[in-house]
Amino acid sequence: MITLDVALGDRSYPISIGSNLLGQSELLQQHLGGKEVMVVSNETVAPLYMQQLMTSLEGYRAESVILPDGEKYKTLEQLNNIFTALLEKRMSRQTTIIALGGGVIGDMAGFAAASYQRCVHLIQIPTTLLSQVDSSVGVKTGVNHALGKNMIGAFHQPRCVIADSDTLNTLEDNQHSAGIAEVIKYGLIRDMDFTTW
């Protein structure tokens, strides 16, 4: 496992990268803000990784909300489904929201964490290459509106990012290519040796 630290003073957080990280309960549990957890995922990712994550949360009060998959569902309506689940389960301000999925799930769960009871803890577990190298390691969260993409949102740092490379084994080719293209773009912007590599 490799750990990178995002140095933001009091808001600093680690990014853990490696294989079989979802199965390492101690890695996840050290970043939980309390005993209550709400996992936000989608219909594609949840059947693949939800059970493994829930096993790592044994001993915690762990609930989940499953959203439809796709950018077209990155809406206030779907965001409200997260709030409804949190309220129905009577989740407190000590709740940690865990985003288990790609960039859409990370953005929506992050916005929910920034907003619910005026801010609760967030953990990002990105499952696509694009979200592992881009959206999960930033602090921008939000949803789309009919009049603009990502126009409603907030900045909210996660407590940690856990990038389990095993989740990339289930990606479709176009999802893998999208992540590689983003990495190449970073190289072109800043590091020609890296781009050549």
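Modeller: Contact means heavy atoms within 4.5 Å. The model is predicted: local features need pLDDT of at least 70, side-chain atom pairs count only at pLDDT 80 or more, and totals for chains, interfaces and linings use all residues. Residues are numbered from 1 along each chain as its sequence is written, and side-chain values use heavy atoms, without hydrogens and water.

Colleague: Which residues of helix H2 are buried?

Modeller: Helices (H or I, at least four residues) and strands (E, at least two) are DSSP runs, numbered from the N terminus. Buried means under 20% relative accessible area, exposed over 50%, and partly exposed in between (1.4 Å probe, protein chains only). H2 spans residues 46–56, and its buried residues are Ala46, Tyr49, Met50, Leu53 and Ser56.

Colleague: What arc do they cover around the axis of H2?

Modeller: The arc is that of the directions from the helix axis to the C-beta atoms. The buried residues sit on the same side of H2 because their arc is only 120°.

Colleague: Which residues on the other side of H2 are exposed?

Modeller: One side of H2 holds the buried residues, Tyr49 and Leu53 among them. Turn to the other side and the exposed residues are Pro47 and Gln51.

Colleague: What do the buried residues of H2 pack against?

Modeller: Start with the residues themselves: Met50 and Ser56 are among the buried ones. Their packing partners include one helix, H1 (25–29). The strands in the list are E3 (36–42), E4 (61–67), E5 (95–101) and E6.

Colleague: On to strand E9. How many of its residues are buried?

Modeller: E9 covers residues 160–164 and is mostly covered. On one side, Cys160, Ile162 and Asp164 are buried. On the other side, Val161 and Ala163 are buried too. The count for E9 is 5 of 5.

Colleague: Over how many bridges do E2 and E9 pair?

Modeller: Two strands pair if DSSP finds at least two bridges between them. E2 is residues 13–18, and it runs parallel with E9. Ile15 stands opposite Val161 of E9. E2 and E9 pair over 4 bridges.

Colleague: Which residue in E9 is the bridge partner of Ile123?

Modeller: Strand E6 is residues 121–126. E6 and E9 run parallel and are joined by 2 bridges. In E9, the partner of Ile123 is Cys160.

Colleague: Is Val137 buried, exposed or partly exposed?

Modeller: Val137 lies in the loop between helix H5 (129–133) and strand E7. Its relative accessible area is 25%. That value makes Val137 partly exposed.

Colleague: What separates the C-alpha atoms of Val137 and Val6?

Modeller: Along the chain, the two residues are 131 residues apart. In space, their C-alpha atoms are separated by 8.6 Å.

Colleague: Which residues is Val137 in contact with, leaving aside its neighbours within four places in sequence?

Modeller: Two of them are Ser131 and Gln132. Another is Val161, which is buried in E9. The full set is Tyr13, Ile15, Ser131, Gln132 and Val161.

Colleague: What is the volume of the largest pocket?

Modeller: On a 1 Å grid over the protein atoms alone, a pocket is an open set of points with protein on both sides within 12 Å along at least five of seven lines; its lining residues have an atom within 4 Å of a point. Points are joined across faces, edges and corners, and a volume is the space filled by probe spheres set on them. For the largest pocket it is about 890 Å³.

Colleague: Which element gives the largest share of the lining of the largest pocket?

Modeller: The lining has 37 residues, with Gly102, Gly103, Val104, Thr128 and Ser131 nearest the centre of the pocket. Two or more residues each come from H2, H4, H5, E7, strand E8 (148–155) and helix H6 (173–190). The largest share, 5 residues, comes from E8.

Colleague: And the second largest pocket: which element gives the largest share of its lining?

Modeller: This pocket holds about 250 Å³ of space. Its lining includes Ile15, Val137 and Ala163, along with Leu129, Gln132 and Val133. E2, H5 and E9 each supply at least two residues. The largest share, 3 residues, comes from H5.

Note on methods. 1 Å grid on protein atoms, 1.4 Å probe; cavity = no way out; pocket = protein on both sides within 12 Å on 5 of 7 lines; lining within 4 Å.
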